[in-house]
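Colleague: I would like a close look at a single part of this model, set against the chain as a whole. Please take your time and connect the details as you go.

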Amino acid sequence: MPNLPSILIDFLQKQNISFHAISALIVEHEAAEYSGLNFILNESTYTYRTVKCTPKKAGFFVTFWRRNEDRITEPFSEFNTTDFLLLGVDYEGEKGYFLFDRTTLLNYGIITSTKHPGKRGFRVYTPQSKVSKATAIKTQKWQCKSYFSI
C-alpha cells in the first residue's frame, strides 16, 4: 500500500475505519501534484485530492478531470464519476476535509450534465477562508456544509 496522505489517514480515524477497509487503491500519477488517489470504501468509490493554496486568491484550488478515449482532458460526467470526492486541507494549522457526494457535485456544476458543462478544476473555501466576492461567498456557503475540521 502506498503512503497515504495524512488527511486521508485522519479522515479514516475520525470515521473509526480501519486502513484495511480500503480496497482497489489506485494512485493517479497524473494527479500526483494533488496526491491523487482512487479507492473503494464500504462499497462506494472515492477520489482523493489534497487541495493547493493559491497565494493571490482566497481559498484553495484542486483539479478533478479525466482523459477521454482521445486522451483529451475533460470534466467527469454524472455517468463516469466517483461516488465521493474527498479533498484534504492541511495549510498553516488549518486541517480538515471536504466530502462531496456525486449529487452535490452534479447540483453545483462540478461534473458534466445536461445543465452544466462541468469543471476540470475548481476553488474550495473553508469556513476560515476570507472571501469578499459575491460568487465566492455563495460558493463558500454551500461548500462549508461538506467541510469537516480535524
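Modeller: I will start from the surface and work inwards to the part in question, bearing in mind that this is a predicted model. The protein chain has an accessible surface of about 8700 Å², and carbon and sulfur atoms hold 52% of that surface. Its charged side chains number 19 positive and 14 negative, with 9 Å between the centres of the two sets. Of the 150 residues in the protein chain, 43% are buried.

As for the architecture, the protein chain contains three helices and 11 strands, and read from the N terminus its elements follow the order α-β-β-β-β-β-β-β-β-β-α-β-α-β. The radius of gyration is 15 Å, close to the 15 Å expected from the globule rule for 150 residues, so the protein chain is as compact as a globular protein of that length. Along the principal axes, the C-alpha atoms occupy a box of roughly 45 × 40 × 25 Å. Among the contacts with a separation of 6 or more, 53% are made by residues 24 or more positions apart.

The part I would single out is the stretch around Arg67, a residue of strand E6, which spans residues 65-67. Arg67 counts as partly exposed because its relative accessibility is 31%, a value that falls between the limits of 20% for buried and 50% for exposed. Once neighbours within four places in sequence are set aside, the residues in contact with Arg67 are Glu30, Ile72 and Thr73. With Glu30 the link is also a polar one, since the two side chains are joined by a polar contact of 2.7 Å. The side chain of Arg67 additionally reaches the backbone oxygen of Arg71, again at 2.7 Å. By contrast, Asn42, which is 25 residues from Arg67 in sequence, lies 26 Å from it in space, C-alpha to C-alpha.

Directly after this strand comes Asn68, placed in the loop between E6 and strand E7 (73-75). Asn68 has a relative accessible area of 14% and is therefore buried, and its side chain reaches the backbone nitrogen of Asp70 at 2.8 Å.

Two other loops deserve a word for their backbone geometry. Ser35, in the loop between strand E1 (22-27) and strand E2 (37-41), has a phi near 55°, which is positive although the residue is not glycine. With a relative accessible area of 30%, Ser35 is partly exposed. Glu43 sits in the loop between E2 and strand E3 (44-50) and likewise shows a positive phi, of about 65°, without being a glycine. Glu43, however, counts as exposed, because its relative accessibility is 80%.

Finally, helix H1 (residues 6-14) ties several of these strands together in the picture, as its residues Ile7, Leu8, Asp10, Phe11 and Leu12 are buried. The buried residues of H1 pack against E1, E2 and E3, and also against strand E8 (84-91) and strand E9 (94-101). After H1 comes Asn16, which has a positive phi near 60°.

Methods:
Residues numbered from 1 in each chain as written. Predicted model: local features only at pLDDT ≥ 70, side-chain atom pairs only at ≥ 80, totals over all residues. Heavy atoms only, no water. Helix = DSSP H or I, 4+ residues; strand = E, 2+ residues; numbered from the N terminus. Rg over C-alpha atoms; globule rule 2.2 N^0.38 Å. Buried < 20%, exposed > 50% of the residue type's maximum accessible area, 1.4 Å probe, protein only. Contact = heavy atoms within 4.5 Å. Areas by Shrake-Rupley, 256 points an atom, 1.4 Å probe, with all protein chains shown as cover. Lys, Arg positive; Asp, Glu negative; His and termini not counted. Charge placed at Lys NZ, Arg CZ, Asp CG, Glu CD. Polar contact = N/O pair within 3.5 Å; in protein donor to acceptor, adjacent residues only side chain to side chain.
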